[in-house]
Every structure is written in C-alpha cells, then in structure tokens.
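User: Could you take a close look at one part of this model for me? I would like to follow the strand pairing in the sheet and the residues that sit along it.

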Amino acid sequence: FTGKGIDVGGKLTVGPITATGYYYTASGLGTTVFGLFDTDGSGNTRDSQGFYAQALATFGKISVGASYGESRLDYANAADAVANPDLLDVNSSWVGQVRYGLNSWVTLLSEYVHTKSRAHSGNKASSDTVSVGGILFF
C-alpha cells in the first residue's frame, strides 16, 4: 500500500500574543507514531486526522500559554471494526504552561498536561502530569 497525507499550519504574532494552528489528514500513515496502526490485518489503510492549537502571551520575562491537540484514527472497513473493537479512536491533550526567561540562554518552565485516550469500543484512559524544568539554549 501507499500511505499519503497532507498537513497545513500557521503562526501569527500580534504584539505579545502568538497563536499557532496545525491540521493534518492522512490515509495509511497511522497516528501517534508513524506507521502505528496504519492498516488492518489485511493491509487496508486506515484514515487519520488531527489538529493542534496554541496561544502564548509574553510579558517581559514571563510567558503564559495553553494548547490543545488531538489525533483520530478511523477503521479501514466494517470487518476491521469487528476484528479490532478496541482500536484507538482519539488521543487528546490540554497543556497549560508558564515560562520565565532567567537570562538569554536559560528559560525555566512549568507545565500541566491532561491527556486522554479513547478506543472505538468506549474504553478510555487519562493522565494528569505536572512538569517543572528548564530549557538551555546554546
């Protein structure tokens, strides 16, 4: 089979606010990881699509941002639905972020991330994560 896809994205900055958006649609490319669940057991391609949106506001050394994104995976056909009821349907994440520019080469960062995954059968899982760290620019 031949996988194919298309994506489009953009970024707009107005004053201290930056907005980023992205969308993709594909067939036979999978979701989450390239090539993961891209076909059913007979080699029929599955379609996938997803998007990402982010806004970031920067005031001096402090930036505050939020983002949301999701990826969806469709069955290849009716037989695929019967054979794989627990196939991934959608992965999604909300992220809230605060950054502090300590100097020109170190940025301190904290994030809260809420992630959910749901199968076509309705099975689901979620997680909440708080991360604190730094970014070193060199």
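Analyst: Happy to; here is a walk through the sheet, strand by strand, with a few residues picked out on the way.

A word on the basis comes before the details. This is a predicted model, in which local features need pLDDT of at least 70 and side-chain atom pairs count only at pLDDT 80 or more, while totals for chains, interfaces and linings use all residues. Residues are numbered from 1 along each chain as its sequence is written, and side-chain values use heavy atoms, with hydrogens and water left out.

Let's begin with the whole sheet. It is open and made of 7 strands in the order β1-β2-β3-β4-β5-β6-β7, with antiparallel pairing. Strands here are DSSP runs of E with at least two residues, helices are runs of H or I with at least four residues, and both are numbered from the N terminus. Two strands pair if DSSP finds at least two bridges between them. At the edges lie β1 (4-14) and β7 (124-136), each of which pairs on one side only. From one strand to the next, the twist averages 10 degrees, where axes are lines fitted to C-alpha atoms, for helices over the stretch in contact, and angles run from 0 to 180 degrees between N-to-C directions.

Now to β3, which has a partner on either side. With strand β2 (residues 17-27), strand β3 (residues 47-59) shares 11 bridges in the antiparallel sense, and here A53 of β3 faces G21. With strand β4 (residues 62-73), β3 is joined by 12 bridges, again antiparallel. Several pairs mark out this second seam: F51 is bridged to E70 of β4, Y52 has G69 of β4 as its partner, and T58 stands opposite S63 of β4. β3 and β4 make a hairpin with 2 residues between them, and G60 in that turn has a positive phi of about 65 degrees.

The next seam continues from β4. Strand β4 runs antiparallel to β5 and is joined to it by 11 bridges. S63 in β4 finds its partner in β5 at R99. In a regular strand the side chains alternate between the two faces of the sheet.

The aromatic residues add to this picture. There are 3 aromatic pairs in the structure; rings of Phe, Tyr and Trp (its six-membered ring) pair if their centres lie within 6.5 Å, and planes under 30 degrees apart count as stacked, over 60 as edge-to-face and the rest as tilted. F51 and Y68 make a tilted pair, because their ring centres are 5.8 Å apart and their planes stand at 45 degrees. This pair links distant parts of the chain, with F51 in strand β3 and Y68 in strand β4, 17 residues apart. Together with W94, F51 and Y68 form one aromatic cluster.

How buried or exposed are these residues? Buried means under 20% relative accessible area, exposed means over 50%, and partly exposed lies in between (1.4 Å probe, protein chains only). Y68 counts as buried because its relative accessibility is 19%, whereas F51, with a relative accessible area of 36%, is partly exposed.

S92 takes us into strand β5 (residues 88-101). With a relative accessible area of 8%, S92 is buried. Leaving aside neighbours within four places in sequence, S92 is in contact (heavy atoms within 4.5 Å) with Y68, G69, E70, H114, T115 and K116. Three of these names will be familiar: Y68 belongs to the aromatic cluster, G69 is the bridge partner of Y52, and E70 is the bridge partner of F51.

Two further places round off the tour. L136, in strand β7, is exposed because its relative accessible area is 53%. Apart from neighbours within four places in sequence, L136 is in contact with W105 and V106. From L136 to R46, 90 residues away in sequence, the C-alpha to C-alpha separation is 40 Å.

N77 lies in the loop between β4 and α1 (78-83) and is partly exposed, with a relative accessible area of 29%. Its contacts, leaving aside neighbours within four places in sequence, are D40 and N44. The C-alpha atoms of N77 and N44 are separated by 8.0 Å, although their positions lie 33 residues apart along the chain. The side chain of N77 also reaches the backbone nitrogen of D80 at 2.8 Å. This is a polar contact, meaning a pair of N or O atoms within 3.5 Å; within protein, one must be able to donate a hydrogen and the other to accept it, and residues adjacent in sequence count only if both atoms are side-chain atoms.
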